[in-house]
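Visitor: I would like a close look at a single part of this model, please. Could you pick one strand, walk me through its surroundings, and then step back to the packing around it?

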Amino acid sequence: MTGPEDQLPPLKADQPLEIVLPPTGQVTDEETTYFSKIVAVRDEVLLIAPPILDGVSLVLQEHPSRVTCHLPQDTLVWACTTTIEGVMGDTWVLTRPPAEAFVKAQRRGNVRASMTLEVQAALFMAGRYFQPSTLRILDLSGAGCQLAGDRPFIPNSLLRLQLSLPAGPLELHGKVVRANPFPQGVATRYFTSGFQFTQVSEADREALVRFIFEHLTQQIRSERPPN
């Protein structure tokens, strides 16, 4: 049985797109991901918004430049390599990759479950927590989650999340490690961020992982065809 994640997202205007640069070997061994979106689709090229990371646009030393592109889709990405042919003002021109060039890949190493779950988030700033607001968790792992809200997230913001699970309430502390500045959604516009847990007790982490596996098990059972 196939689901939405088994189908390549359409190449169309407003489709989120990520430009992924390889590790530099200087500070970290991790890839660097810049956020963008498709502005227009032509026969041979994709026109995209300037890729941004933490409010700073990507600067390329030469054109054309070979890069990896990701079409994000929940816990997975559709990845391919393509060429940035040039930059025209606020529009970047990419060679349009054929559909067969995209490969479905796992985004993260931690076991992560897609879900929609409300959470109370309080911003920590100037030595205190502010009034919490309601955000949505789009996917969840023992190490972090993807959050959605009606306003752009600020990179490196410290948050306290209060989450209600069947086993009881959890309080999770962490920071925004990725912030997509481009809104997503069609009927309802929302902004997403990657949130990393930095202060979680061992007992709370075990409860979190147990909840994730129970959710995944229930999801698998519901997708099985009837005997």
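Guide: Happy to! Keep in mind that this is a predicted model. Let's start with lysine 175, which stands opposite glutamine 196 in strand β16. The strand that pairs with β16 here is β15, residues 168-179; the two run antiparallel and are joined by 6 bridges.

Strand β16 itself covers residues 191-199, and it also pairs with strand β13, residues 144-149. That pairing is antiparallel too, over 6 bridges. For one concrete contact point, look at glycine 149, whose bridge partner in β16 is phenylalanine 191.

While you are at β13, have a look at glutamine 146, which is found in that strand. Its relative accessible area is 15%, and because the cut-off for buried is under 20%, glutamine 146 counts as buried. Its side chain has a polar partner: a contact of 2.7 Å joins it to the side chain of aspartate 139.

Now for the packing. The largest nonpolar core has 27 residues, and those touching the most other members are Leu140, Leu147, Leu161, Leu163, Phe197 and Leu208. Strands β13, β15 and β16 are among the elements that give two or more residues to this core, along with β10 (112-125), β12 (133-141), β14 (158-165) and the helix α1 (202-223). The largest share, 5 residues, comes from β10. Apart from this core lies another, of 17 residues, including Val67, Cys69, Leu94 and Phe102.

How values were computed: Residues numbered from 1 in each chain as written. Predicted model: local features only at pLDDT ≥ 70, side-chain atom pairs only at ≥ 80, totals over all residues. Heavy atoms only, no water. Pairing = 2+ DSSP bridges. Helix = DSSP H or I, 4+ residues; strand = E, 2+ residues; numbered from the N terminus. Buried < 20%, exposed > 50% of the residue type's maximum accessible area, 1.4 Å probe, protein only. Polar contact = N/O pair within 3.5 Å; in protein donor to acceptor, adjacent residues only side chain to side chain. Core = buried A, V, L, I, M, F, W, Y, C linked by side-chain atoms within 4.5 Å.
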